[in-house]
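Reader: I want to learn how to read a protein–DNA model. Where do we start?

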Protein chains: 2
Amino acid sequence: MAAWVRLLRGHAALRRLMSARLQADHGLTVSEYEALLLLDEADGARLRGVDLAAGLVLTPSGVTRLLDRLGKLGFVRRESCQGDARVSYAVLLDAGRQRLAQAACGHVAAIRAVFGERYTDTELGQLAELLGRLPGASTGASACAGDAG
Amino acid sequence: MAAWVRLLRGHAALRRLMSARLQADHGLTVSEYEALLLLDEADGARLRGVDLAAGLVLTPSGVTRLLDRLGKLGFVRRESCQGDARVSYAVLLDAGRQRLAQAACGHVAAIRAVFGERYTDTELGQLAELLGRLPGASTGASACAGDAG
DNA sequence: GCTATATTGTTGACGACTCAAGTATATCCA
DNA sequence: TGGATATACTTGAGTCGTCAACAATATAGC
């Protein structure tokens with residue numbers, strides 16, 4: 001029970017922290033940043049909506065809305081898929097890649113700071129391993145590969 | 001980095017799960033449940049708004065809105081504080097306590113199930129301890145004392 | 001005592017997400 | 001081959017929470 005409550009509180013506090021920084025410095029929400037990151041790591045810098053949904057743990061409509069925003073910002077383009085007319089790819093554009101690059105440095109540093117001052121490297125590994133067993137935490141698009149946030 | 005991303009994903013997935021159950025079975029959001037729980041554990045079943053904000057990791061306005069909802073449901077009453085006219089207490093009413101009691105059993109069982117099938121008792125203790133070091137995760141109103149969720 | 005600052009709470013406007021419902025396409029199988 | 005089911009996505013309406021601005025009260029310092 002303690003673990004669940006602390007997961008809730010810790011997530012809320014940390015997300016507020018990261019969100020404020022990211023928004024103030026780069027005009028991005030956490031979800032937008034994460035989406036850009038997943039796209040950047042993806043093969044051909046493109047992902048189906050459904051895969052983004054799984055990777056980000058959002059509903060399909062949440063992804064539609066997120067991509068609308070990133071589209072308006074000029075960070076992402078929609079592209080239809082020949083071979084399956086149902087899917088609409090999200091493709092990372094240069095502007096998106098650039099914004100991601102700008103944001104990544106400070107964002108990653110902030111994350112490292114928060115965790116670094118609370119855990120040893122061993123503990124951080126333990127924590128990551130334990131959290132990785134939660135549903136959604138290990139979904140497809142390996143969100144840790146690039147090690148960028 | 002992995003820890004942060006997995007915290008995000010794990011939280012999203014777990015919260016969606018718990019939220020769906022709680023909403024379907026008892027018409028409560030996770031925040032509403034947690035608020036009732038904190039009130040129930042509090043001295044005199046009452047808490048200042050600012051303390052709820054700290055305990056739940058919400059903003060003051062978030063708490064105002066949360067208490068508006070709980071008020072309309074008849075679960076909570078507002079009460080002014082003699083001695084400090086700024087504060088407005090939230091007081092748990094019987095209906096609120098009853099709803100909490102109804103919800104607690106299934107909710108706690110669901111949480112135990114999700115965690116129990118993924119971690120040993122030792123690991124669960126580790127996880128809780130590690131998460132407890134995060135900001136917000138250890139705030140005031142000891143959210144683990146009652147061990148109810 | 002009285003002003004400057006801090007604390008507590010509320011409100012309006014808005015953002016990000018969800019759900020339910022709907023459209024369009026693909027796949028399965030009798 | 002063709003009808004039932006599953007998959008991918010979008011849309012309208014609604015919810016939960018935020019921020020910025022504000023009002024009211026309390027506290028501290030001179």
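Reader: Which side chain has an N or O atom 2.5 Å from a phosphate oxygen of DNA strand D?

Author: First, a caution: this is a predicted model. To read a polar contact, look for a pair of N or O atoms within 3.5 Å. Here the side chain is that of Thr59(B), with an N or O atom 2.5 Å from a phosphate oxygen of DNA strand D. The backbone takes part too. An N or O atom of the Ser88(A) backbone lies 2.9 Å from a phosphate oxygen of that strand D.

Reader: Which elements give two or more residues to the surface near DNA strand D?

Author: From chain A, α3 (49-56) and α4; from chain B, α4.

Reader: Which side chain has an N or O atom 2.5 Å from a base oxygen of DNA strand D?

Author: Arg65(A). Now look across to DNA strand C. A polar side-chain atom of Arg65(A) also sits 2.7 Å from a base oxygen there.

Reader: How many residues lie around DNA strand D, and which come nearest?

Author: There are 24, with Val50(A), Thr64(A), Arg65(A), Thr59(B) and Arg69(B) nearest. Of the strand D atoms within 4 Å of the protein, 62% belong to sugar and phosphate. By class, the surface near strand D has five nonpolar, 10 polar and nine charged residues.

Reader: Now strand C. Which residues are closest to DNA strand C?

Author: Ser31(A), Thr59(A), Arg69(A), Val50(B) and Arg65(B), out of 24 that surround strand C. Sugar or phosphate supplies 64% of the strand C atoms within 4 Å of the protein, and bases the rest. The nearby surface divides into five nonpolar, 10 polar and nine charged residues.

Reader: What lies 3.2 Å from a phosphate oxygen of DNA strand C?

Author: A backbone N or O atom of Gly49(B). Add Arg78(B): an N or O atom in its side chain is 3.3 Å from a phosphate oxygen of strand C. For the elements, take α4 (60-72) of chain A, plus α3 (49-56) and α4 (60-72) of chain B; each supplies at least two residues of the surface near strand C.

Reader: How do I read the relation between the chains? What turn lays chain B on chain A?

Author: Superpose the copies, then check the turn and the shift. A turn of 180° with a shift of 0.0 Å along the axis lays chain B on chain A, at an RMSD of 0.0 Å. That is the relation of a two-fold axis.

Reader: Why do the copies meet through the same surface?

Author: Compare the interface residues. In chain B, 100% of them are also interface residues in chain A, so the copies meet through the same surface.

Methods
Residues are numbered from 1 along each chain as its sequence is written. Chains are lettered from A and ligands numbered from 1 in the order in which they are written. This is a predicted model: local features need pLDDT of at least 70, side-chain atom pairs count only at pLDDT 80 or more; totals for chains, interfaces and linings use all residues. Side-chain values use heavy atoms; hydrogens and water are left out. A residue is near a molecule or strand if one of its heavy atoms lies within 4 Å of it. A polar contact is a pair of N or O atoms within 3.5 Å; within protein, one must be able to donate a hydrogen and the other to accept it, and residues adjacent in sequence count only if both atoms are side-chain atoms. Helices (H or I, at least four residues) and strands (E, at least two) are DSSP runs, numbered from the N terminus. Ala, Val, Leu, Ile, Met, Phe, Trp, Tyr, Cys and Pro count as nonpolar, Asp, Glu, Lys and Arg as charged, and the others, Gly among them, as polar. Copies are superposed by least squares on the C-alpha atoms of residues with pLDDT of at least 70 in both. Contact means heavy atoms within 4.5 Å.
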